[in-house]
Amino acid sequence: MGDRRTGGAGTDFTARHDTVAAVVRQWRAVHPELDTGPMEVIGRINRCAALLQQAEDAPLRRAGLSRPEFDLLGALRRTGHELTPGELARETFSSGAAVTKRLKQLTERGLVERRGDTRDRRVAHVRLTGTGRDLVDGILPEQLAYEKAVLSVLDPEGQSELAVLLAELLGRLEGRMGSMRA
């Protein structure tokens, strides 16, 4: 990413005044010998994620859905076919128990249907109902519009650079975490 110390209209990003900057200043006062650089990156990623999650969930709340429930419905919609609860857990990075609980609630609301496997009674297949598909298709444009508005504070080049850097970080973390689990 290029030098982002100034951001249009003379804004100087070197004198940061966000909540993470305050935390970093406090730690530097207590432990000036420690490199707080990683905290500046990870802390800001975590803070951005928390703020985005709070605001982004507004359309979901209006639809009576939690973020994890929408993630399950979204996984079924984007894959376009039935999935087992285990496959849904992998698709949504959730535990099997959490998926089972959410599927029960979504089934009761008529958003998904479960069907037993003809060869193995222990296996269930889950699919969206028409109501579930319509709900996802109705919410998704609102979610994307919100995300576009949030990112509009960055110019298109900045958005692209950020996406590349985050993809690199995520790819390396997923690779490292996967090898640590093996």
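**Note on a predicted model: salt bridges, one helix pair and a buried leucine**

1. R78 and E91 form a salt bridge in which the closest N and O atoms are 2.8 Å apart. This pair connects distant parts of the chain, since R78 belongs to helix 4 and E91 to helix 5, with their positions 13 residues apart in sequence. The two partners fall into separate accessibility classes: R78 is exposed, at a relative accessible area of 53%, while E91 is partly exposed, at 33%. The structure discussed here is a predicted model, and that applies to every point below.

2. For orientation, here is the overall make-up. The protein contains 8 helices and 2 strands. Their order along the sequence is α-α-α-α-α-α-β-β-α-α, with the two strands placed after the sixth helix and before the last two helices. Of the 182 residues, 24% are buried. The accessible surface is about 12,500 Å², and carbon and sulfur atoms account for 58% of that surface. Among contacts between residues at least 6 apart in sequence, 49% join residues at least 24 apart.

3. Helix 4 (residues 67-79) also holds a salt bridge within itself, between D71 and R67. The closest N and O atoms of this pair are 3.3 Å apart. The two residues are 4 positions apart, about one turn of the helix. Is R67 buried or exposed? R67 is buried, because its relative accessible area is 18% and the cut-off for burial is under 20%. Its partner D71 is partly exposed, with a relative accessible area of 28%.

4. A further residue of helix 4 to look at is L73. L73 is buried, with a relative accessible area of 0%. Which residues does L73 touch, leaving aside those up to four places away in sequence? They are L65, L106, L111, V112, L128, L135 and V136. L73 and G132 are 59 residues apart in sequence, yet their C-alpha atoms are 7.1 Å apart in space.

5. Helix 5 (residues 85-92) and helix 6 (residues 96-108) pack against each other. Two packed helices are described by the angle between their axes and the distance between the axes. In this pair the axes come within 9 Å and cross at roughly 110°. The two helices are therefore roughly perpendicular to each other, because angles of 65 to 115 degrees are given that description. Helix 5 contributes P85, L88, A89 and T92 to the contact, and helix 6 contributes G96, V99 and L103. By class, these are 5 nonpolar and 2 polar residues, with no charged residue among them.

6. The count of salt bridges comes to 12. Side chains of opposite charge can pair when their charged atoms come close. Besides the pairs described in points 1 and 3, R122 and D120 meet through their side chains in a salt bridge, at 3.0 Å from N to O. R122 is exposed, with a relative accessible area of 75%. D120 counts as partly exposed, at 22% relative accessibility.

7. Which residues are linked in a network of salt bridges? D18, R28, E40 and R44 are joined in this way.

8. To recapitulate for helix 4: R78 forms a salt bridge with E91, R67 forms one with D71, and L73 is buried.

Methods:
Residues numbered from 1 in each chain as written. Predicted model: local features only at pLDDT ≥ 70, side-chain atom pairs only at ≥ 80, totals over all residues. Heavy atoms only, no water. Buried < 20%, exposed > 50% of the residue type's maximum accessible area, 1.4 Å probe, protein only. Contact = heavy atoms within 4.5 Å. Areas by Shrake-Rupley, 256 points an atom, 1.4 Å probe, with all protein chains shown as cover. Axes fitted to C-alpha atoms, helices over the stretch in contact; angles between N-to-C directions. Parallel < 35°, antiparallel > 145°, perpendicular 65-115°, else oblique. Nonpolar A, V, L, I, M, F, W, Y, C, P; charged D, E, K, R; others polar. Salt bridge = Lys/Arg side-chain N within 4 Å of Asp/Glu carboxyl O.
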